[in-house]
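Trainee: Please take a close look at a single part of this model, the aromatic pairing, and then set that part in its surroundings.

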Amino acid sequence: MTATDHDAAVPPASRTIRTFHPRRGRMSGRQTDALDRLWPTYGLDVPDGPVDLAELFGRRAPVVLEIGSGMGDSTATMAAADPDRDYLAVEVHTPGIANLLDLVDRGGLRNVRVALGDALDLVRGLPEGVLDAVHIFFPDPWPKARHHKRRIIQPAHVALLRSRLAPGGTLHCATDWAEYAEAMRQTLDADPELVDAYGGFAPRPAHRPVTKFERRAITAGRPVADLIYRRG
Ligand SMILES: C[S@@+](CC[C@H](N)C(=O)[O-])C[C@H]1O[C@@H](n2cnc3c(N)ncnc32)[C@H](O)[C@@H]1O
């Protein structure tokens, strides 16, 4: 994919209800350049079929999947601090993917790959039990009741994500939307194989970088909740 055909790469309407707002965005010159230069090395379109993580990263290491990586700041910072694990970021917003590619380049990161497309399709293509962690930071809250069906954290999606975690692997979510935080907790508590690592909301982990969404929440006086569950 190049910057000129990126619009064509936005995924077709998913078979299921989408968890994201379709949106276009302009890319800076730097992002356009990063996409053109780095996509062939670090990027992949979410495929219809299986994904081989060892082939993708060129090694066998524990893999962290970050769903909805936005502009990629969390992925890049966490991957830089954690070189023994591989980070696969998945996002539908092309400028965010391009921004992350730029961060990967500037940081000289070798343990990051970026996937463009629907995370749920990507996860379906993974074998069971292959992930060390799944990160979902500030997912779209879909606040209206009629839109709750679009939330990424709902029982069927959680069952899918959990099935791809290795035993002991973690699902880490963060949100500044109080009602969603409570709904997440109920959904995660109800999953038969997930164990709440902290017996309630988790203390804010220092390794989760502060992004725009958390800064906005702090400014608006909205507390941020972290939820960290382990596959038992
Ligand atoms: C509110 S933003 C948060 C971005 C980032 N995690 C952060 O904390 O800055 C949520 C992101 O999730 C992405 N997203 C939502 N559903 C997705 C899906 N099914 N697959 C890939 N990305 C998705 C959206 O495009 C959006 O960029």
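Mentor: The model is predicted, and the structure holds 1 aromatic pair. The rings involved are those of F138 and F213, with centres 6.5 Å apart and planes at 20°. Planes under 30 degrees apart count as stacked, so this pair is stacked. F138 sits in the loop between β5 and α6, while F213 belongs to helix α8, so the contact ties together parts that are 75 residues apart in sequence.

Both rings also belong to the surroundings of a pocket. The largest pocket encloses about 910 Å³ of space. It is lined by 43 residues, and those closest to its centre are G68, F137, F138, D140 and F213. Both members of the stacked pair, F138 and F213, are thus on that list. Two or more lining residues come from each of β2, α3, β3, α5 (119-124), β5 and α8 (212-220). Helix α8 gives the most to the lining, with 4 residues. By residue class, the lining divides into 19 nonpolar, 11 polar and 13 charged.

Several of these elements are strands of one sheet. This open sheet has 8 strands in the order β1-β4-β3-β2-β5-β6-β8-β7, and its pairing is mixed. Its edge strands are β1 (43-45) and β7 (194-196), each of which pairs on one side only. On average, neighbouring strands are turned by 20° against each other, direction ignored. At the β1 edge, 3 bridges join β1 to β4 (residues 112-116), and the two strands run parallel. There, L44 stands opposite A115 in β4.

Two helices lie across the sheet strands. Helix α3 (residues 73-80), which also contributes to the pocket lining, lies across β2 (63-67), β3 (86-91), β4 and β5 (131-137). Its direction is at about 175° to β3. Helix α6 (residues 155-164) lies across β2, β5, β6 (165-175), β7 and β8 (225-231), and runs at about 135° to β6. The loop that carries F138 lies between β5 and this helix.

Note on methods
Residues numbered from 1 in each chain as written. Predicted model: local features only at pLDDT ≥ 70, side-chain atom pairs only at ≥ 80, totals over all residues. Heavy atoms only, no water. Pairing = 2+ DSSP bridges. Axes fitted to C-alpha atoms, helices over the stretch in contact; angles between N-to-C directions. Contact = heavy atoms within 4.5 Å. 1 Å grid on protein atoms, 1.4 Å probe; cavity = no way out; pocket = protein on both sides within 12 Å on 5 of 7 lines; lining within 4 Å. Points joined across faces, edges and corners; volume = space filled by probe spheres on them. Nonpolar A, V, L, I, M, F, W, Y, C, P; charged D, E, K, R; others polar. Phe/Tyr/Trp six-rings, centres within 6.5 Å; stacked < 30°, edge-to-face > 60°.
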